[in-house]
Amino acid sequence: MSPSHIDVPALVSRACPVAEVIDHVRGKWSISILAAAAQGPVRFADLHRAMPGISRRMLTLKLRRLERDGLLTRTVYPTVPPRVEYTLTDIATELLDSLQGLTGWATRHRDTVAAARTAYDREHGTTAEE
């Protein structure tokens with residue numbers, strides 16, 4: 001093997017768990033759920049009202065996945081009817097901090113990216129749809 005050889009299977013193997021977690025978080029509703037839970041414990045009904053367009057079933061699935069990934073903690077209180085609250089875990093708080101950095105980067109560089117796309121399309125005779 002030459003020093004410039006890249007072990008692609010090893011890279012893919014290491015990237016798979018990362019890609020899986022990112023796929024879960026980048027879903028349409030996940031970041032909104034985490035942002036809502038960042039404000040403190042949040043109940044299912046409050047989440048559902050805060051996110052117009054999400055079905056109760058989809059919210060349930062997303063909450064379960066985020067809980068399974070260790071990003072949310074679900075607490076059931078023994079009341080009638082049972083009260084359930086969701087809170088961020090420490091790793092979810094760290095994730096939101098990272099996402100804020102990414103959001104800041106995107107905001108700072110959106111004009112540069114737009115200009116690069118326009119220049120590329122002009123040079124290559126393409127459009128965003130191609």
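The overall form of the chain is described here, followed by its helix H5. In this predicted model, the chain comprises five helices and three strands, which succeed one another from the N terminus in the order α-α-β-α-α-β-β-α.

The radius of gyration of the chain is 20 Å, whereas a compact globule of 130 residues would have a value near 14 Å. Along the principal axes, the C-alpha atoms occupy a box of roughly 65 × 40 × 25 Å. Of the 130 residues in the chain, 22% are buried, and the exposed surface amounts to about 9,600 Å², of which 57% is supplied by carbon and sulfur atoms. Among contacts with a separation of 6 or more, 44% are accounted for by residues 24 or more positions apart. The chain carries 17 positive and 15 negative charges, and the mean positions of these two sets lie 9 Å apart.

Helix H5 spans residues 90-124 and bends by about 55° at His109. The buried residues of this helix are Ala92, Leu96, Leu99 and Gly104, and they pack against two other elements, namely helix H2 (30-37) and strand E3 (83-88). In general, an α-helix has 3.6 residues a turn, so residues three or four places apart point the same way. Beyond the end of H5 comes Gly125, for which the phi angle is positive, with a value near 65°.

Methods: Residues are numbered from 1 along each chain as its sequence is written. This is a predicted model: local features need pLDDT of at least 70, side-chain atom pairs count only at pLDDT 80 or more; totals for chains, interfaces and linings use all residues. Side-chain values use heavy atoms; hydrogens and water are left out. Helices (H or I, at least four residues) and strands (E, at least two) are DSSP runs, numbered from the N terminus. The radius of gyration is taken over C-alpha atoms; the globule rule is 2.2 Å times the number of residues to the power 0.38. Buried means under 20% relative accessible area, exposed over 50%, partly exposed in between (1.4 Å probe, protein chains only). Contact means heavy atoms within 4.5 Å. Accessible areas come from the Shrake-Rupley method with a 1.4 Å probe; for residues, only the protein chains shown count as cover. Lys and Arg count as positive and Asp and Glu as negative; His and the chain ends are not counted. The place of a charge is taken as NZ of Lys, CZ of Arg, CG of Asp or CD of Glu. The bend at a residue is the angle between axes fitted to the seven residues ending there and the seven starting there.
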